[in-house]
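User: Please explain the charge pairs and surface charges of this protein, with the criterion behind each term.

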Amino acid sequence: MARRGAAALALALALLAVALPGAAAQGAAVEDPDYYVQEIWSREPYYARLEPEPFSPPLPAGPGEDERKLRASEPRPPKKATKPRKAPKREKLAPETPPPGKKSNRKGVRTKSSEKAAGDDHRVPVARDAAREGCPPLGLETLKITDFQLHASTSKRYGLGAHRGRLNIQAGINENDFYDGAWCAGRNDLHQWIEVDARRLTKFTGVITQGRNSLWLSDWVTSYKVMVSNDSHTWVTVKNGSGDMIFEGNSEKEIPVLNKLPVPMVARYIRINPQSWFDNGSICMRMEVLGCPLPDPNNYYHRRNEMTTTDDLDFKHHNYKEMRQLMKVVNEMCPNITRIYNIGKSHQGLKLYAVEISDHPGEHEVGEPEFHYIAGAHGNEVLGRELMLLLMQFLCQEYLARNSRIVHLVEETRIHIIPSLNPDGYEKAYEGGSELGGWSLGRWTHDGIDINNNFPDLNTLLWGAEDRQNIPRKVPNHYVAIPEWFLSENATVAVETRAVIAWMEKIPFVLGGNLQGGELVVAYPYDMVRSTWKTQEHTPTPDDHVFRWLAYAYASTHRLMTDARRRVCHTEDFQKEDGTVNGASWHTVAGSLNDFSYLHTNCFELSIYVGCDKYPHESQLPEEWENNRESLIVFMEQVHRGIKGLVRDLHGKGIPNAVISVEGVNHDIRTASDGDYWRLLNPGEYMVTAKAEGFTSSTKNCIVGYDMGATQCDFTLSKTNLARIREIMEKFGKQPVSLPARRLKLWARKRRQRG
């Protein structure tokens, strides 16, 4: 019994030692083995001992109780003054603010004498591991932090409430009461604040701020304090020696500024307290908070909201060199189904790489449709680029694992993926980083062109011809020719745009998606309004019903696009159309890739906006992949919906450039060089006509079912009598007689004889 009692006592003492984080003399929280830890970080005390007297903020029950007791008895280490560095990405201290009633003529800014006094001895050095740990954003920009987790002292109105104080949030043109571009305090004084409830203990390491997004007003905060709390009642201010630390804010409204905390602070709440602001403006700001969530076995909130993936993929941001290397790795893993090629070069000379995935890479197989994804037309919309690199890896791995769905897709489809159409712009955004690039750094090409809107405006040509009733006599309803001025060397056309046009003219694409960022919606053509005096107007194509199907196919399988509970990204609520929108009814754009593709080629192109955050932090990539993976595959599978077939002559030879018309749809397509075609259609019964120059037309009744797989609908055309006569006469070296020309010559001869 004595031995058993001693053993029980030893076990109890061992468990107590494990339960007390202070037993290791490092003050770490107890780790939950079931919790997925995002970051491995060096152990720090819960609070840096910056106050003259011990402070014990209320902590959750459990391990925090013991930790709080240990902190009260810990000696304070001495702090040596060091000179802080400047933001962004580096810390820069602003002058400390005097008490209310003693400030100078500028709002919240103290005098030079007090500035000098505070800067002499009492600065806190930046934590040595703060930069290396790299805690990710909490998710204000990605909406991982909900509106209910944001609070403020006051606000001017609802549209400027705390829920609008998110990094890079956009106000739109109207800046109305519901959707404005920042949190703006109701009063301009030193008692205003905005706070974030992390809903769990978090190691806060930094704050990123912006001013108000507005076309008309200039509002931003120039300096602020940072406070933390465990109960939202008792607050600890980040110190600079013996005084409150003042962080330097923004000098204009759009460029984000990062300030890292000198010592990581562990708490549940973090509060930003503006101390000075732009002279002619108001207290307005957008923000993001950097922090590492700590394991908490008593908090199940994070368990319900944590997203992980089982796919073994390379979840990181890749610069140009790393992207090229990753493509090479995928090609070496799957040499029989992949091919790397380029479609041209950027303005800076970087190759525009593409990866082809097919069972016979490098050749067009008769009867096999061609599909493409394009990402990175806007260089700062990085999520699409990384999703494409992840998709390449996934298709390769699943094909090798003999996933029947992926094997069928690869063997029955020729897939082309361009992950970075604007590598010059991406390199600019990459230098800024995922949080510090703002809304537009790297969006345009090196020569300042927006690729997505740089294609020829064929809508105006088509609609003008329709108004003059010149269709189809002078202008066809498809394959609308590119204007001569656009092809000239002096035209303002990016080299990347010309490369895409040549690529799309060479390959008979059936379906394509261009991935963009900053929203969660699928936009389908037309992107340009027909009424010249309007900026928004629903402008459908003749294939509107097909485009709606395609858009919904992606949106409905995305984890968030059709979720009626989710918050809007910026100003638009797309839930009324289930996460889809007609481009022109959203905002008019002339010369878009979608409209050009539809009017100049056979390809049905849609814009897929894959996330609210254009450039999410690396830690968010697994979740974003899970959000989009199924949608990316489902959308590719839609290329096999509708009808397909061959148009041949009586000898079985394919007829290229034959026109395929569907009764009731005023938009035709054409056959490829081998006479094969693919026509996307919704389930139904259609009268389809095939016609070609020199051949008699043929019409068939083709039925499209609901099951996946295009209906085979072949045509055999016989030559017209005139075509046969011409063929015979050309065979014997004679030219057929042109009756109109013969009549013209006889008329001219008689006229000369009369004269």
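Analyst: The answers below take up salt bridges, burial and surface charge. This is a predicted model, in which local features need pLDDT of at least 70, side-chain atom pairs count only at pLDDT 80 or more, and totals for chains, interfaces and linings use all residues. Residues are numbered from 1 along each chain as its sequence is written, and side-chain values use heavy atoms, with hydrogens and water left out.

User: Why is the contact between aspartate 147 and arginine 567 called a salt bridge?

Analyst: A salt bridge requires a side-chain nitrogen of Lys or Arg within 4 Å of a carboxyl oxygen of Asp or Glu. The closest N and O atoms of aspartate 147 and arginine 567 are 2.7 Å apart, so the pair qualifies. The structure holds 29 salt bridges.

User: What makes arginine 567 buried and aspartate 147 partly exposed?

Analyst: Buried means under 20% relative accessible area, exposed over 50%, and partly exposed in between (1.4 Å probe, protein chains only). Arginine 567 has 16% and is therefore buried, whereas aspartate 147, at 27%, is partly exposed.

User: How do you know that arginine 286 is buried?

Analyst: Its relative accessibility is 0%, so arginine 286 counts as buried. Arginine 286 also forms a salt bridge with glutamate 254, with the closest N and O atoms 3.2 Å apart. Glutamate 254 is partly exposed, because its relative accessible area is 25%.

User: Why is lysine 321 called exposed?

Analyst: Lysine 321 has a relative accessible area of 62%, so the term exposed applies.
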